[in-house]
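Reader: I'm more at home with gels than with models. Could you walk me through reading a structure like this one?

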Amino acid sequence: MLDEETPTGLVRRARKIDRALAETYPDARCELDFDNPFELLVVTVLSAQTTDKRVNAVRPTLFAAYPDAAAMAAAERDKLEQIVGPLGFFRAKTESLLKLSQALVERYDGEVPPRLADLVTLPGVGRKTANVVLGNAFGIPGITVDTHFGRLARRFGWTDETDPVKVEHAIGALFPKRDWTMLSHHLIWHGRRICHSRNPACGACPVARWCPAFGEGPTDPVAAAKLVKTEGRA
């Protein structure tokens with residue numbers, strides 16, 4: 001929060017930033033490909049410590065072999081490892097997918113439950129993954145606090161919290177619930193394209209006028225423009 005900024009002032013400034021980001025990224029969406037809640041749950045789990053682009057590349061092969069939770073729960077470990085191998089940490093990720101699929105079959109008849117309280121009980125599923133699935137597969141508003149979201153929320157002075165759950169609740173209080181899912185996309189897209197963790201492109205930022213961290217990166221428009229990425233993580 002800026003010095004002497006009132007709670008009402010913070011809400012107004014936060015919503016101005018979100019509106020500007022919405023105009024900047026009208027196509028903002030989940031950058032993981034999926035056709036149904038099960039696919040989104042699986043690819044979100046797989047996206048840890050790798051890029052969306054890599055996950056999207058293995059997705060067709062993965063779901064051609066294992067189209068639902070029952071099929072994946074019965075998968076042969078070595079074959080599943082071979083498919084997810086390009087993503088790194090393939091043994092751990094294979095174990096996660098097997099346990100996750102088995103839990104879905106045993107507890108929910110193979111269906112992904114549309115409730116946060118149920119999702120977070122599944123192996124390998126935390127609040128971040130659960131909110132991705134709720135917001136994008138079920139249309140149930142949720143805030144996805146990944147590294148980009150947390151970084152930008154602090155840079156914007158919306159919160160000082162570092163714990164993802166505390167960040168989620170603090171930012172949720174600033175916005176109407178209906179906006180939570182798109183707010184998450186706006187911040188994640190901005191974090192991947194302009195507001196980088198190192199050397200943010202401040203001089204090319206559409207919300208610079210409302211950002212207390214302006215100046216952490218180059219403010220010269222020409223220098224900043226060279227840092228802008230036109231796509232998300234490669």
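Author: Happily; let's begin with the largest pocket, whose volume is about 460 Å³. On a 1 Å grid over the protein atoms alone, a pocket is an open set of points with protein on both sides within 12 Å along at least five of seven lines, while a cavity is a set where a 1.4 Å probe fits but cannot get out; lining residues have an atom within 4 Å of a point. Grid points are joined across faces, edges and corners, and a volume is the space filled by probe spheres set on the points.

Author: One caution: this is a predicted model, where local features need pLDDT of at least 70 and side-chain atom pairs count only at pLDDT 80 or more, though totals for chains, interfaces and linings use all residues. Numbering starts from 1 along each chain as its sequence is written, and side-chain values use heavy atoms, with hydrogens and water left out.

Reader: Which residues are closest to the centre of the largest pocket?

Author: Of its 24 lining residues, those are Ser47, Asp52, Lys128, Asp146 and Arg192. Helix α11 gives the largest share of the lining, five residues.

Reader: How does the lining of the largest pocket divide by class?

Author: Ala, Val, Leu, Ile, Met, Phe, Trp, Tyr, Cys and Pro count as nonpolar, Asp, Glu, Lys and Arg as charged, and the others, Gly among them, as polar. Here that gives six nonpolar, eleven polar and seven charged.

Reader: And how many cavities of 30 Å³ or more are there?

Author: The search of the whole structure turns up one. The largest cavity holds about 100 Å³ of space. Cys195, Pro200, Cys202, Cys205 and Cys211 lie nearest its centre, among 15 lining residues. That lining has twelve nonpolar, one polar and two charged residues.

Reader: How many helices and strands does the chain have?

Author: Twelve helices and zero strands; these are DSSP runs numbered from the N terminus, helices being H or I with at least four residues and strands E with at least two.

Reader: How do I read two packed helices?

Author: Two packed helices are described by the angle between their axes and the distance between the axes. Take α9 (residues 147–155) and α11 (residues 180–193): they pack at about 90 degrees, axes 8 Å apart. Axes are lines fitted to C-alpha atoms, for helices over the stretch in contact, and angles run from 0 to 180 degrees between N-to-C directions.
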